[in-house]
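A single part of a model is often easiest to read together with its surroundings. One request comes below, with a connected answer.

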Amino acid sequence: MTALERAIRSPAPVRDFGGRSPLHGLDRRSVGFIDVMAQSVAAVAPAAAATTVTVLVAGVSPGGVIVSVLVAGVLSLLVASAVGQFARRLAASGALYTYAARGLGPAGGLATGTAAVVGYAAVAMFALLGGAYYTALLLRPFWPAAAAPLGIACVLLAEAGLLTLVLVRGIRLSARVALLVEFASVVLIVVLLVVLLTRIGPVDPAALLPSPAADTPLGVGAGALIALTAYVGFESAATLGVEARTPLRTIPRAVRATVVISLLLYLLAAAAQVAGFAALRRDFAASASPLNELADAFGIGGWASVADLGIAASFLACAIGSTTALARVLFAMGRDDVMPRLAGRTHARYGTPIGAIAIALPAVVGVPLALVVCGVDLRDAMHITIALGGIGYIVSYVFACIAVPLFLRRIGELTSLAAVTALCAAVALSGAVVAFAAADIAAGSAAVWIAAAVGAVSAALIAWRLRRPIGPLGAYDVPVAAAVLGGIARDDRDG
């Protein structure tokens, strides 16, 4: 028997590890890179965003769609770099909430966590509404009342049932369902876009670039702010820090890869749609369903229904991914005792944060349902929820970026490049929030005022919570004795 074999058979006792992780109860180390990647991709929902956000960008910068999408992608990569500074060092289900708490302390952590919760919840609502909208388009030939409030409500309830089943049954099921749905959706959309480009024929490069006469730098910047909402959610892989295998390696890779994949798809979608409407001499920004109109105009109308199916499926995947991330942030806050203890409970069989799911689902499903039942126009409801979600996401990114140099300095690993990258991203994102709010108010939307009201209530709740005793926040996963050769839990030393 070799020395190595003897060491494995009779290892020396190691007494420096606890018996369980602070985030115990989740299905630890159960999913690989593909599943982690699926979480971020599903939360972004690139297939749906590629066909819905670009037309909104065209509304403020008709000729700057492609440049705006590119600028937003670069900014997202800067934020991904900042997130990676934490993700390479901490495995946590709270993601940005945990990261900010470690860098900014309790107040910063609570502000970041609240913004992230608002972002995930509002985007999940937006995704359910979007899925209902495109499902109604598909059902309308067979069920004319599908687009009526009652029909939309029925679709929402069906989506809610599937969402509940997938979330409760476990991360492996939810991640793989989301992956399959989003992969199929992206393939459908890419095929349609490529076919469209071939039908359009030679594209004049000048038609894809901003016009100095019509597109000012301010307009392109405003377009970039809207395009940024197409990328939000890319960091949600970090909420699987407990469940992921080798999380310190796989999560940063998944976050970066999600931004790159989304950027490439958005550039393809923007090029096809801008070129298509330019060839038809129609107003891209005035289109209610750009891909459907282009497909009909270029003789591939049958693809329109296929595209609607892919977009509806992508919205469903987004709802799964966003609610998955939401539940894990609430779970982390529950374990830190800043949420009711129910939020920190897990399912004994499936290892899912069942308490947080029970808290999240009524709001995620109930708000869209109430908006529809009360007669709010579906597109207006989608605008309100995506605006609220986008602001929540961007605010959480700002706090996380500010936390980077403070955290790295605290652990003695601060570098100039990391600090400059994170702070530049924070400044740009702060400007994005202000400009986005100004543009939305100028358009006569109530979304920003709703976001301001949510922010005021959140700030009051945070101030109230900070008046009570609060311990260190930002619990993260740590190795346990059972996972270490020869490991003996510290609590068992005397046994």
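The exchange starts at one helix and then follows the side-chain pairs around it.

Q: Please look closely at helix H8 (residues 217-228). Which residues of H8 are buried, and which helices are included in what covers them? Then follow those covering helices outward: which side-chain pairs involve them or the loops between them?

A: A caution first: this is a predicted model.

Start with the helix itself. H8 runs over residues 217-228, twelve residues in total. From its first C-alpha to its last, H8 reaches 16 Å, close to the 16 Å expected at 1.5 Å a residue.

Now the surroundings. Nine of the twelve residues of H8 are buried, so H8 is largely enclosed by the rest of the structure. The buried set is Gly219, Val220, Ala222, Gly223, Ala224, Leu225, Ile226, Ala227 and Leu228. An α-helix has 3.6 residues a turn, so residues three or four places apart point the same way. The cover over the buried residues of H8 includes four helices: H3 (46-60), H4 (65-87), H13 (378-410) and H14 (416-442).

Take H4 next. Phe86 lies in H4 and Tyr99 in helix H5, so their pair ties together parts that are 13 residues apart in sequence. A pair of aromatic rings is described by the distance of the centres and the angle of the planes. For Phe86 and Tyr99, the ring centres are 4.9 Å apart and the planes are at 5°, so the pair is stacked. Phe86 is buried, with a relative accessible area of 1%. Tyr99 is buried as well, also at 1%.

The loop that follows H4 adds a charged link. Side chains of opposite charge can pair when their charged atoms come close. Here Arg89 and Glu413 meet in a salt bridge, at 2.7 Å from N to O. Arg89 sits in the loop between H4 and H5 (96-139), and Glu413 in the loop between H13 and H14. The two are 324 residues apart, so far as the chain goes this pair links distant parts. Neither partner is buried: Glu413 is partly exposed at 39% relative accessibility, and Arg89 is partly exposed at 27%. H4, H13 and H14 are also among the helices that cover H8.

Now move along H5. Thr98 lies in this helix. Thr98 counts as buried, at 0% relative accessibility. Beyond its neighbours within four places in sequence, Thr98 is in contact with Ala92, Gly474, Ala475 and Tyr476.

H5 also carries Phe126. The rings of Phe126 and Phe315 have centres 5.5 Å apart and planes at 75°, so this pair is edge-to-face. Phe315 belongs to helix H11 (residues 302-335), and 189 residues separate the two. Both Phe126 and Phe315 are buried. The structure holds ten aromatic pairs in total. One aromatic cluster is formed by Tyr120, Phe234, Tyr393 and Tyr397.

Turn to the other charged pairs. The structure holds six salt bridges. One of them joins Asp477 and Arg29, at 2.6 Å from N to O. Asp477 is in the loop between helix H15 (447-466) and strand E2 (487-489), while Arg29 is in the loop between E1 and H2. The pair spans 448 residues of sequence. Its two ends are covered to unlike degrees: Asp477 is buried, with a relative accessible area of 6%, whereas Arg29 is partly exposed at 31%. Arg28 joins in too: Arg28, Arg29 and Asp477 are linked in a network of salt bridges.

Another salt bridge joins Arg172 and Asp27, with the closest N and O atoms 3.0 Å apart. Arg172 is in helix H7 (residues 171-200), and Asp27 is in the loop between strand E1 (14-17) and helix H2 (33-44). This pair also links distant parts of the chain, 145 residues apart. Arg172 is partly exposed at 39% relative accessibility. Asp27 is partly exposed too, with a relative accessible area of 23%.

Finish at the surface. Leu77, Val260 and Leu264 form a nonpolar patch there, with about 250 Å² of accessible area together. Leu264 is found in helix H9 (residues 247-280). Leu264 is exposed, at 55% relative accessible area. Set this against H8, where nine of the twelve residues are buried.

Key
Residues are numbered from 1 along each chain as its sequence is written. This is a predicted model: local features need pLDDT of at least 70, side-chain atom pairs count only at pLDDT 80 or more; totals for chains, interfaces and linings use all residues. Side-chain values use heavy atoms; hydrogens and water are left out. Patches are made of residues with over 30% relative accessible area and no salt bridge: like charges are joined within 9 Å, nonpolar side chains (Val, Leu, Ile, Met, Phe, Trp, Tyr) within 5 Å. Accessible areas come from the Shrake-Rupley method with a 1.4 Å probe; for residues, only the protein chains shown count as cover. A salt bridge is a side-chain nitrogen of Lys or Arg within 4 Å of a carboxyl oxygen of Asp or Glu. Buried means under 20% relative accessible area, exposed over 50%, partly exposed in between (1.4 Å probe, protein chains only). The expected span of a helix is 1.5 Å times one less than its number of residues. Contact means heavy atoms within 4.5 Å. Rings of Phe, Tyr and Trp (its six-membered ring) pair if their centres lie within 6.5 Å; planes under 30 degrees apart count as stacked, over 60 as edge-to-face and the rest as tilted.
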